[in-house]
Amino acid sequence: MASLAFSASIGRSISPSNAMVSDKFESRREGSSLGKGTFARKRDPRDSMVPKVATQAPTVFPSLEKELAGDRNHVAWTSVRQERYEGELAVQGEIPRWLSGTYLRNGPGMWHVGDYNFRHLFDGYATLVRLHFENGRLIAAHRQIESEAYKAAKKNNKLCYREFSEVPKPDNFLSYVGELANLFSGASLTDNANTGVVKLGDGRVVCLTETQKGSIVVDPNTLDTLGKFEYSDSLGGLIHSAHPIVTDTEFLTLLPDLFRLGYLVVRMEPGSNERKVIGRVDCRGGPAPGWVHSFPVTEHYVIVPEMPLRYCAQNLLRAEPTPLYKFEWHPDSKGFMHVMCKASGKIVASVEVPLFVTFHFINAYEEKDEDGRVTAVIADCCEHNSDTTILEKLSLQNLRSFMGEDVLPDARVGRFIIPLDGSPYGKLEAALDPEEHGKGMDMCSINPAYLGKKYRYAYACGAQRPCNFPNTLTKIDLLEKKAKNWYEEGAVPSEPFFVARPGATEEDDGVVISMISEKNGDGYALLLDGSTFEEIARGKFPYGLPYGLHGCWVPKK
């Protein structure tokens with residue numbers, strides 16, 4: 001892909017970082033407001049400059065020129081400067097030679113159509129970012145995913161599909177009636193695949209969102225949009241979990257049933273586009289299924305969460321968003337966790353649990369007694385203390401108007417304990433003291449070799465208070481119940497993604513990749529040591545990129 005690159009200043013030496021890391025589980029930073037979570041010394045800069053850095057002037061979207069000229073918003077919440085870029089980055093530090101492959105990160109990156117600005121973080125048109133590592137060098141690229149929603153917006157200079165909080169404005173009453181009809185058929189729902197990206201077992205790379213039609217195949221090398229991922233079965237439905245469980249051998253996901261009130265648990269084999277039903281879970285409460293943005297699995301079970309934050313058809317029909325957007329909070333409907341056997345599709349446990357709100361599950365595993373019998377399922381998630389205001393806090397107005405007040409709702413590593421002995425109730429507790437990670441917790445990853453198995457470490461975004469959004473990277477030790485934290489003032493880090501070193505025998509032997517958006521408008525790719533959680537390298541982008549959501553690793557063949 002041709003480089004459209006930028007300012008020659010990116011080839012200059014990079015100033016020493018003021019990033020803070022911790023090498024022990026004790027506080028070392030005076031005045032830190034993180035609580036028990038720890039920070040330590042500044043690392044010494046180790047400059048290893050790579051040649052061939054893009055030097056052309058940027059090609060800026062015309063509709064962004066006015067915004068960029070006077071904009072004071074953090075670059076994390078500002079639309080990407082141009083549609084595509086590719087270039088080699090100057091590297092400070094040393095990238096491990098064994099790190100060979102491509103990290104892809106997806107997320108909303110353009111929050112406007114013409115002069116109209118979107119309202120919510122989740123509305124933005126998808127920006128796919130590529131970091132290619134090879135022989136200690138780093139090549140970066142980004143490109144807009146060419147969904148029908150994005151192409152229509154560009155062509156017509158207006159919103160044409162329903163996004164998370166946005167609804168197209170009808171020209172007249174007849175067009176309004178037609179738009180409602182299109183909603184029920186799914187035709188007006190967006191295919192803006194701005195949430196995640198996964199590599200299937202057959203090598204295809206698919207970008208995803210909550211709508212089934214928003215499944216789009218991309219080329220991981222060029223970032224070209226190749227076309228829709230068309231499911232060949234007859235299961236139907238309009239929505240699915242935005243976070244399927246994907247391994248080299250299978251693809252598992254949940255299909256909420258808004259009419260019969262339940263969930264289909266389905267599997268798809270590598271090389272196939274056909275989903276096959278494993279089993280069905282009927283809802284135990286509420287007027288609609290609970291939102292299932294993600295779900296966990298163990299070696300033998302699929303865990304289906306039924307959250308009291310439930311889909312709401314009435315809110316889908318509204319022209320203006322409610323505080324909970326497409327959902328409604330029904331605490332009286334209670335919360336439940338269902339456990340289904342992968343092999344038989346039978347439900348082996350269905351328990352009531354305390355009220356909860358979560359976007360992202362971290363992992364799950366089976367707890368066994370001394371005779372090797374499974375007695376319970378443990379499921380960990382980023383839990384927001386059953387506080388639904390987190391959705392409204394992610395509005396762009398709130399994200400762009402931070403004035404130093406501590407407004408980020410508290411969160412924790414919520415641990416569900418689901419007994420398999422027929423008990424009607426499960427437990428939900430904090431897996432460690434939330435003060436360890438600043439009472440902020442989201443955007444998690446683990447060593448994928450430990451998916452569905454007992455594990456010790458998780459990587460996530462935490463908080464250095466006061467803040468309005470998670471602003472640290474944190475390594476959670478679930479055995480010692482401690483956290484190590486990385487923080488840089490004014491920085492907004494995206495999801496920390498763990499890549500294991502080939503041949504590693506320790507769970508945390510590898511690197512953690514994140515992308516950082518800086519307050520001054522700059523940004524960089526960051527590599528941390530998975531074990532010590534100290535910075536080992538960074539590659540400076542020619543300009544800061546908007547915040548992104550989730551990623552995947554495509555190893556070099």
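1. A good place to begin is the pairing of strand S29 with strand S30 (residues 482–487), which run antiparallel and are joined by six bridges. In this register, Thr-474 stands opposite Asn-485 in S30. The two strands form a hairpin with four residues between them, and within that hairpin Lys-481 takes a positive phi near 60°. As with everything that follows, this is read from a predicted model.

2. On its other pairing, S29 is joined to strand S28 (residues 457–462), again in the antiparallel sense and again over six bridges. Here Gly-462 is the residue that stands opposite Thr-472 in S29. The loop between S28 and S29 contains Pro-466, and the peptide bond that leads from Arg-465 to Pro-466 is cis, with omega near 0°.

3. Strand S29 (residues 472–477) is largely enclosed by the rest of the structure, because six of its six residues are buried. In a regular strand, side chains alternate between the two faces of the sheet. For S29 both faces are covered, with Thr-472, Thr-474 and Ile-476 buried on one side, and Leu-473, Lys-475 and Asp-477 buried on the other. A reader scanning the sequence may wish to note that Lys-475 and Asp-477 are among these buried residues.

4. These strands belong to an open sheet of four, in the order S27-S28-S29-S30, with antiparallel pairing. Strand S27 (442–445) and S30 are the edge strands, and since each has a single partner strand, one side of each is left without a neighbour in the sheet. From one strand to the next, the twist averages 25°. The pairing of S27 with S28 is antiparallel and rests on two bridges, and in it Ser-445 stands opposite Tyr-459 in S28.

5. Another open sheet of four strands has the order S14-S15-S16-S17, and its pairing is likewise antiparallel. Its edges are formed by strand S14 (245–246) and strand S17 (276–282), each of which pairs on one side only. Two bridges link S14 to strand S15 (residues 251–257) in the antiparallel sense, and Val-246 stands opposite Phe-251 in S15.

6. Strand S4 (residues 101–106) also deserves attention, as a mostly covered strand in which six of six residues are buried. Its two faces are both covered: Gly-101, Tyr-103 and Arg-105 are buried on one side, while Thr-102, Leu-104 and Asn-106 are buried on the other. S4 runs antiparallel to strand S8 (residues 125–134), to which five bridges join it, and the bridge partner of Tyr-103 in S8 is Leu-131. S4 also runs antiparallel to strand S36 (residues 550–555), with six bridges between them, and there the bridge partner of Asn-106 is His-550.

7. Which residues touch the most other members of the largest nonpolar core? That core has 108 residues, and the ones in question are Leu-131, Phe-133, Met-337, Leu-391 and Phe-416. Apart from this core lies another, of 17 residues, among them Ala-431, Ile-446, Ile-476 and Ala-483. Leu-391 can be followed in detail: leaving aside residues up to four places away in sequence, its contacts include His-120, Phe-122, Phe-164, Trp-291 and Leu-309. Pro-323, Leu-324, Tyr-325, Phe-327 and Phe-359 are also touched by Leu-391.

8. Two further residues with positive phi should be checked by anyone reading the backbone with care. Asn-157, although not a glycine, has a positive phi of about 55°, and it lies in the loop between helix H2 (148–156) and helix H3 (173–185). Its relative accessibility is 52%, and because exposed means over 50%, Asn-157 counts as exposed. Lys-334, also a residue other than glycine, has a positive phi near 70° and is found in the loop between strand S20 (327–329) and strand S21 (335–341). With a relative accessible area of 39%, Lys-334 is partly exposed.

9. For the protein as a whole, there are six helices and 36 strands. Of its 557 residues, 59% count as buried, and its accessible surface comes to about 22,300 Å², of which 50% belongs to carbon and sulfur atoms. Among contacts with a separation of 6 or more, 64% are between residues 24 or more positions apart.

Note on methods. Residues numbered from 1 in each chain as written. Predicted model: local features only at pLDDT ≥ 70, side-chain atom pairs only at ≥ 80, totals over all residues. Heavy atoms only, no water. Pairing = 2+ DSSP bridges. Core = buried A, V, L, I, M, F, W, Y, C linked by side-chain atoms within 4.5 Å. Buried < 20%, exposed > 50% of the residue type's maximum accessible area, 1.4 Å probe, protein only. Contact = heavy atoms within 4.5 Å. Axes fitted to C-alpha atoms, helices over the stretch in contact; angles between N-to-C directions. Areas by Shrake-Rupley, 256 points an atom, 1.4 Å probe, with all protein chains shown as cover.
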